[in-house]
Amino acid sequence: MKLKIFGLIAIIGLIVACSVDSGSIKDESLGLRKVSVQDEKNIRLGDYQYSNSAAGESQKIERSYENAPPMIPHDTEGMLDISKDSNMCLSCHSPDVAESVGAPSVPKSHTYDLRNHQAHKDGIDPSRYNCTQCHVPQANAKPLVNNAFQPDFTNQNAKVKSNLMDVINEGVK
């Protein structure tokens, strides 16, 4: 009987403790938008534009850091959505086509099965077909927070080209 009463008191105490606002974070303080996360009616997207340069006419964007996924510097209208069976990116960026059309080729890391440690026999590794999972179009959006990060590249080529497969085991014993 004493155990039941103690249990009941503990449950009531827990309910009261959970219901008391002890300096909890308000919805308006979450994230960068400074309005309730429950309120979508007053949300206004920033005024920004994506590149309207056609593929092949745009300039490469320097990577944010060594081996970072590069930004997409050209318009992607009509090229997305990407699926396993339809990937417009590979029509220019696959290793067997890229040089002839003047496009950067996907790096060796995209044609290599990192799980089984072997080159993929059919070109692009199936885990890498969804390009926009890592690569995104660049917009002229202003940063929401200040950032003083400065990348330190091992060489000038690393600003525009991946060497991930050459350095992937660097520092690994």
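**Figure 1. Long-range contacts and the overall outline of the chain.** Of the contacts in the chain with a separation of 6 or more, 52% are made by residues that stand 24 or more positions apart. The model shown here and in the views that follow is a predicted one. The chain contains four helices and two strands, and, when it is read along the sequence, these elements follow the pattern α-α-α-β-β-α. The chain is more spread out than a compact globule, because its radius of gyration is 25 Å, well over the 16 Å that the globule rule gives for 173 residues. Taken along the principal axes, the box filled by the C-alpha atoms of the chain is roughly 80 × 45 × 35 Å. Buried residues make up 17% of the 173 residues, and the chain exposes about 14,000 Å², of which carbon and sulfur atoms supply 54%.

**Figure 2. The salt bridge between Lys108 and Asp166.** The count of salt bridges comes to one, and the partners are Lys108 and Asp166, whose closest N and O atoms are 3.3 Å apart. This pair links distant parts of the chain, since Lys108 belongs to the loop between α3 (98-101) and β1 (112-113), while Asp166 belongs to helix α4 (residues 164-167), with their positions 58 residues apart in the sequence. Are the two partners buried or exposed? Lys108 has a relative accessible area of 54% and is therefore exposed, because a residue counts as exposed when this value is over 50%. Asp166, with a relative accessible area of 56%, is exposed as well.

**Figure 3. Asn163 and its partner Asn67.** Asn163 is placed in the loop between β2 (118-119) and α4, and its relative accessibility of 18% makes it count as buried, because the cut-off for a buried residue is under 20%. When the neighbours within four places in sequence are left aside, Asn163 is in contact with Glu66 and Asn67. Although Asn163 and Asn67 are 96 residues apart in sequence, their C-alpha atoms are 6.7 Å apart in space. Their side chains are joined by a polar contact of 2.8 Å.

**Figure 4. Ser162 and the side chain of Asn67.** Ser162, like Asn163 in the previous view, is found in the loop between β2 and α4. The side chain of Ser162 makes a polar contact of 3.0 Å with the side chain of Asn67, and the side chain of Ser162 also reaches the backbone nitrogen of Leu164 at 3.2 Å. Which residues does Ser162 touch once its neighbours within four places in sequence are left aside? The residues in contact with Ser162 are then Arg63, Asn67 and Pro107. Val172 lies 10 residues from Ser162 in sequence, and the distance between the two in space is 19 Å, C-alpha to C-alpha.

**Figure 5. Asn87 and the backbone of Tyr129.** Asn87 sits in the loop between α1 (2-19) and α2 (90-93), and with a relative accessible area of 16% it is buried. A polar atom of the side chain of Asn87 lies 2.7 Å from the backbone oxygen of Tyr129. Apart from its neighbours within four places in sequence, Asn87 is in contact with Ile82, Tyr129 and Cys131, so that Tyr129 appears both in this list of contacts and in the pairing with the side chain of Asn87.

**Figure 6. Ser94 in the loop between α2 and α3.** Ser94 has its place in the loop between α2 and α3, where its relative accessible area is 10% and the residue is buried. What does the side chain of Ser94 reach at 3.1 Å? The atom reached at this distance is the backbone oxygen of Leu90. The side chain of Ser94 is also joined to the side chain of Asp96 by a polar contact of 2.8 Å.

**Figure 7. The aromatic pair of Tyr48 and Tyr50.** The structure holds one aromatic pair, in which the rings of Tyr48 and Tyr50 have their centres 5.8 Å apart and their planes at 85 degrees, so the pair is edge-to-face. Edge-to-face is the class for planes over 60 degrees apart. Tyr48 counts as partly exposed, at 31% relative accessibility, and Tyr50 also counts as partly exposed, at 47%.

Key. Residues are numbered from 1 along each chain as its sequence is written. This is a predicted model: local features need pLDDT of at least 70, side-chain atom pairs count only at pLDDT 80 or more; totals for chains, interfaces and linings use all residues. Side-chain values use heavy atoms; hydrogens and water are left out. A salt bridge is a side-chain nitrogen of Lys or Arg within 4 Å of a carboxyl oxygen of Asp or Glu. Buried means under 20% relative accessible area, exposed over 50%, partly exposed in between (1.4 Å probe, protein chains only). A polar contact is a pair of N or O atoms within 3.5 Å; within protein, one must be able to donate a hydrogen and the other to accept it, and residues adjacent in sequence count only if both atoms are side-chain atoms. Contact means heavy atoms within 4.5 Å. Rings of Phe, Tyr and Trp (its six-membered ring) pair if their centres lie within 6.5 Å; planes under 30 degrees apart count as stacked, over 60 as edge-to-face and the rest as tilted. The radius of gyration is taken over C-alpha atoms; the globule rule is 2.2 Å times the number of residues to the power 0.38. Accessible areas come from the Shrake-Rupley method with a 1.4 Å probe; for residues, only the protein chains shown count as cover.
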